[in-house]
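Please look over the sequence and the structure shown below before reading on. The paragraphs that follow go through parts of the fold in turn.

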Amino acid sequence: MESIWQKTTQIGGRSPLEGDIAAEIAVIGGGLTGILTAHYLAGAGRDVVVLEAGRIGSGQTGRTSAKISAQHGLRYAELIHDHGVEAAKSYAAAQFQAVALYRRLIDSLAIQCDLEDAPAYLYTCLETGALEEEFQAYQTLGLGGELTSRTELPFPIVSALRLDGQAQFHPLKFLRRIAAPLRIYEHTRVLGVRDGVLTTGHGAVHAKKIVFACHFPFPNHPGYYFMRMHQERSYCIAVENAREMRGMYLGVDPDGLSFRSAGGCLIIGGGEHRTGENRQGGKFEMLEARARRLWQDCKVAARWSAQDCVPLDGLPYIGRFAADTPDWFVATGYRKWGMTNAMTAARMLTAQIQGETTEFDALFSPQRFQPSASAAQLFRDMAEAVRGLSRTAFGLPRALTDELPRGHGGIVSYQGSKVGVYKAKNGEIFAIDPRCPHLGCQLEWNPDAMSWDCPCHGSRFDFRGRLLEGPALEGLERA
């Protein structure tokens, strides 16, 4: 399923790595974080190479809603509560600075990426308490903002919180231009890192410093990021013949939707869930049904889904990977707000790699741990991991192969064992070992994304068992 960005942009391919090479800095991951980091490092005169497992921009960068905004949901009241006013001010400063840096970079390089100024709105159709609390946080932090009941939305709302000075763009048009002069190897998955050597299936890269910009860092230790984050999926459709909107909208109600216009279409997003917990499916159908209730003649031009890393305390991890790996750096845990956090990470990592400091180092340090802000989420994530592992050991298969409908997947019984099976519409069977090769959790079939998803740490595989997303590094065994 291609996003509206992928359908409307062609990025020239790069060759895979062939043999061993050396570079001062190796960046793992060719999404927005990796490419921006490489861009700024190259601009500082550093020798940098980017290694991408697939195509650049083929991960979350190509599947974002592409809002360049400091308004990150009901964020600032939560930050004040969990981390204090000064930390919330620092987070806001990083996001507003990122919005300004995008404008500056796009202007200086004359990048044609459909950049538009757009106010950002949070809205509710139910009750105003949460928005009023968020508005008070804006006032405490000096962010401005305005509570209003007037929006472009085609349905009545109770209240909305508006923040001016934000923007939206076409992320792949931007990425294409930024990536053009960089040394990049595509279809080159990094399989291991040790003593400054990055091992791939096509050769090795010897580097003095290494940046993990691969969405979810794959080394289990040091760092233990698999214990400090979980992943969530969300869904988008782009529809034609719908009302175009000048603003960007995000509903804060349990069933709230996201809206923004792009290229003559309206992008509608929603249906969030923890990765591996969508057995019933129906997310795209829900979005399409709600769109047609609003615009009877609208037509779906694209549908896609994306994945986001959610850290324990709600703040990204940006900086040195771990205390005992001084030459490793990481950026992850953006909690669904990758555009501004990618820019923040690129600037921070560029500075840190050159021995400099930034005002945000302490806030986003991967070495931080605040029990008061992390304990509840840690226990929830541990419970999910235990549940995923126990399903592998003790859970009963839910269906027999013959009973599985065509076009569906599920865990079935075969010769006394559990097998993951997808039955194609022509009746062909694709069977896999349903244990995630990362840490052994039982996978679940996602009928919307047509993938096997891990509920523990978010690895994903297609119906044939081929790896789609990590932290796993290999595909599934065929059964």
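Two strands are said to pair if DSSP finds at least two bridges between them. With that criterion in hand, and bearing in mind that this is a predicted model, one can begin with strand 6 (residues 146-148), which runs antiparallel to strand 7 and is joined to strand 7 by 3 bridges. Within this pairing, Thr148 has Ala160 of strand 7 as its bridge partner. Strand 7 also runs antiparallel to strand 5 (residues 120-124), with 5 bridges joining the two, and here Tyr121 is the bridge partner of Arg162 in strand 7. Because 4 of the 5 residues of strand 7 (residues 159-163) are buried, this strand is largely enclosed by the rest of the structure.

A further set of 3 strands forms an open sheet in the order 3-8-4, with antiparallel pairing. Its edge strands, each of which pairs on one side only, are strand 3 (67-68) and strand 4 (116-117). Strand 3 is joined to strand 8 (residues 167-168) by 2 bridges, and the bridge partner of Lys67 in strand 8 is Gln168.

From these strands the reader may turn to the nonpolar interior. The largest nonpolar core has 78 residues, of which Ile35, Leu36, Tyr76, Tyr102, Phe169, Phe174 and Phe364 touch the most other members. Helix 4 (residues 85-108) supplies the largest share of this core, namely 11 residues. Apart from it lies another core, of 27 residues, which includes Val205, Tyr225, Cys309 and Trp328. In soluble globular proteins, nonpolar side chains tend to be buried together. Phe174 illustrates the contacts of one such core member: leaving aside neighbours within four places in sequence, Phe174 is in contact with Leu32, Leu36, Tyr102, Leu105, Ile106, Ile111, Cys113 and Phe169. Tyr76, another of the residues that touch the most other members of the largest core, belongs to helix 3 (residues 76-83), whose buried residues are Tyr76, Ala77, Leu79 and His83. After helix 3 comes Gly84, which has a positive phi, near 100°.

How do two of the helices meet? Helix 2 (residues 32-43) packs against helix 6 (residues 171-179) at an angle of about 35°, and their axes are 10 Å apart. The crossing of helix 2 past helix 6 is left-handed. On the side of helix 2 the residues that meet helix 6 are Leu32, Ile35, Leu36 and His39, while helix 6 contributes Phe174, Leu175, Ile178 and Ala179. Sorted by character, the residues of this contact comprise 7 nonpolar, 1 polar and no charged.

Further along the chain, strand 10 (residues 190-194) and strand 11 pair in the antiparallel sense over 4 bridges, and they form a hairpin with 2 residues between them, where Asp195 in the turn has a positive phi of about 50°. Strand 11 also pairs with strand 12 (residues 203-212), again in the antiparallel sense and over 4 bridges, and these two strands likewise form a hairpin with 2 residues between them. Leu198 of strand 11 takes part on both sides, since Val193 is a bridge partner of Leu198 and Val205 in strand 12 is another. In a regular strand the side chains alternate between the two faces of the sheet. Along strand 11 (residues 197-200), Leu198 and Thr200 point to one face and are buried, whereas Val197 and Thr199 point to the other face and are not.

Strand 15 offers a second case of alternation, with Ser258, Arg260 and Ala262 pointing one way and Phe259 and Ser261 the other way, although here all are buried. Because 5 of the 5 residues of strand 15 (residues 258-262) are buried, the strand is largely enclosed by the rest of the structure. Strand 14 (residues 248-251) pairs with strand 15 in the antiparallel sense over 2 bridges, and a hairpin through 6 residues joins them. On the way to strand 16 (residues 265-274), with which strand 15 pairs in the antiparallel sense over 5 bridges, there is a hairpin with 2 residues between the strands, and Gly263 in its turn has a positive phi of about 55°.

Finally, is Gln231, found in strand 13 (residues 229-240), buried or exposed? With a relative accessibility of 2%, Gln231 counts as buried, because the cut-off is under 20%. The C-alpha atoms of Gln231 and Gln307 are separated by 6.5 Å, although the two residues are 76 residues apart along the chain.

Terms used:
Residues numbered from 1 in each chain as written. Predicted model: local features only at pLDDT ≥ 70, side-chain atom pairs only at ≥ 80, totals over all residues. Heavy atoms only, no water. Core = buried A, V, L, I, M, F, W, Y, C linked by side-chain atoms within 4.5 Å. Buried < 20%, exposed > 50% of the residue type's maximum accessible area, 1.4 Å probe, protein only. Contact = heavy atoms within 4.5 Å. Axes fitted to C-alpha atoms, helices over the stretch in contact; angles between N-to-C directions. Left-handed = near helix turned anticlockwise from the far one by under 90°. Nonpolar A, V, L, I, M, F, W, Y, C, P; charged D, E, K, R; others polar.
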